[in-house]
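Please look over the sequence and the model shown here before reading on. The report is meant for someone meeting this structure for the first time.

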Amino acid sequence: MSIEQIVILLFIGYLIFTIDTKKEDFPVPTVLILLGIGISFIPFFESIELTENTIYQIFLPALLFVSAYQFPINDFRQNANVIISLATIGIILNVLILGYIISVISPISLEAAFVMAAILTPTDPVSVVSIIKKATGNEQIASMVEGESMLNDGTSIVLFTTLFAIATREKGYSFSAFFGDFLLVSLGGIAIGLTCGYLVSKMVHYSHYRNYQIMLSIILAYGSFLIAETVNVSGVLATVASGMMISFEYGRAIKEAHFRESLDGFWEIVENSLLAILFLVIGIEITEYLAIGYWLYAVVIFVFMIFARYIISYAVTKIIHPLSWRYNLLISWAGLKGSMSVFLILTLYAKSTSSMNSDWIVGVSFTIVLLSLTIQSLSMAPISRRLLK
């Protein structure tokens, strides 16, 4: 992207976010995606290209860090059992159920269907959480949705990588090896993130100027990610853990209120700027994959995707922390797809292999992401009010 294109995309994002401050139920990501599709037909934007590395190495660390840092630690403690269960056991069961359904109704193999299911399981609560809070005032459901999303971004990458290796015969069908890798990559990333977050929370005392303290937070967000990736564990979970650790440390220290205020101000600007560019570019990128032949499959899989998520949510919460069917339905409907799914789709596209029918998976998955971001976002407010009135 050229600097001119970035400035124009930022200005478009500014206009949309300005509208958002005046309308409670305004689904910003949906509007940005649709605008991106529209401007993709303008020759000036034809050269814009979104790659998996751009999303993974530039956008995700910052967006995940700010979400983790701002996530209330008390909310995590209160709902930890549900959040962790949905983001680990829940996501594995979701992939198994949805993958099997996809293999039955589509032209791809069971192994490829599991890979596609791994693409469609991570959730992106951008705007949905705020809509739930404004529509119903229910902090518990909003916290569960947001907390699960932060963690399942990391677990979904581990699942996708392992299942892709199995589907392309890079690895055998060893369930012990599968769960061993899953635990090693996940726990390793969390350990690195917690360590980095703790160290930075102590180092900040040596920097008396707020600007330098903000610099440390940037180093933490990207540094924990890069360290984890270098040693082949989850950079996503490392970034999330580092953000939550530094939030926890400063939550205990009243004297650090000035630091939190500066941190909030800086990262809120970064978050809005990155989200504006990311969703507009996703809209531009997604346009060429929206072929008519994919829509019927996409609609059917989208319906089963919501159904599978509801079944898993109901089963997990029934055991861990019983919730009403209304709560579970809202949690299921709030699990819309976004940046992580797009990253995984582009990763699959870059590794395209004819044995998996990758072009079909990429086209249908992009269409499902578009359906999710439009249908679920636009209906979130009225459904929330009706279920929790």
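The sections below go from the whole chain to its surface, an enclosed helix and its internal space.

## Overall picture

This is a predicted model, and its chain holds 15 helices and zero strands. Of the 389 residues in the chain, 58% are buried. Where contacts join residues at least 6 apart in sequence, 81% of them link residues at least 24 apart.

The accessible surface of the chain amounts to about 16,700 Å², and carbon and sulfur atoms account for 65% of that surface.

## A nonpolar patch on the surface

A nonpolar patch of about 770 Å² lies on the surface, and the residues that make it are Ile 89, Leu 93, Leu 96, Ile 97, Leu 296, Val 300, Phe 304, Phe 307 and Ile 311. Two or more residues of this patch come from each of the helices α4 (73-105) and α12 (295-320), and α12 gives the most, with five residues.

One member of the patch, Ile 97, belongs to helix α4. Is Ile 97 buried, partly exposed or exposed? With a relative accessible area of 33%, Ile 97 counts as partly exposed, because that class covers values between the 20% limit for buried residues and the 50% limit for exposed ones.

## An enclosed helix

Helix α5, which spans residues 110-120, has nine of its 11 residues buried, and it is therefore largely enclosed by the rest of the structure. The buried residues of α5 are Ala 112, Ala 113, Phe 114, Val 115, Met 116, Ala 117, Ala 118, Ile 119 and Leu 120.

Which helices do the buried residues of α5 pack against? They pack against α4, α7 (139-167), α12, α14 (339-350) and α15 (358-387); two of these partners, α4 and α12, are also the helices named above for the nonpolar patch.

## Space inside the structure

Rolling a probe the size of a water molecule over the atoms shows where empty space is left. A search of the whole structure turns up two cavities of 30 Å³ or more, and the largest cavity holds about 80 Å³ of space.

The lining of the largest cavity is formed by Leu 86, Gly 90, Ile 91, Asn 94, Thr 121, Glu 148, Asn 152, Arg 309, Ile 312 and Ser 313. Helices α4, α7 and α12 each contribute at least two residues to this lining, with the largest share, four residues, coming from α4. Helix α4 thus appears in the nonpolar patch, among the packing partners of α5 and in the lining of the largest cavity.

How values were computed
Residues are numbered from 1 along each chain as its sequence is written. This is a predicted model: local features need pLDDT of at least 70, side-chain atom pairs count only at pLDDT 80 or more; totals for chains, interfaces and linings use all residues. Side-chain values use heavy atoms; hydrogens and water are left out. Buried means under 20% relative accessible area, exposed over 50%, partly exposed in between (1.4 Å probe, protein chains only). Contact means heavy atoms within 4.5 Å. Accessible areas come from the Shrake-Rupley method with a 1.4 Å probe; for residues, only the protein chains shown count as cover. Patches are made of residues with over 30% relative accessible area and no salt bridge: like charges are joined within 9 Å, nonpolar side chains (Val, Leu, Ile, Met, Phe, Trp, Tyr) within 5 Å. A salt bridge is a side-chain nitrogen of Lys or Arg within 4 Å of a carboxyl oxygen of Asp or Glu. On a 1 Å grid over the protein atoms alone, a cavity is a set of points where a 1.4 Å probe fits but cannot get out, and a pocket is an open set with protein on both sides within 12 Å along at least five of seven lines; lining residues have an atom within 4 Å of a point. Grid points are joined across faces, edges and corners, and a volume is the space filled by probe spheres set on the points.
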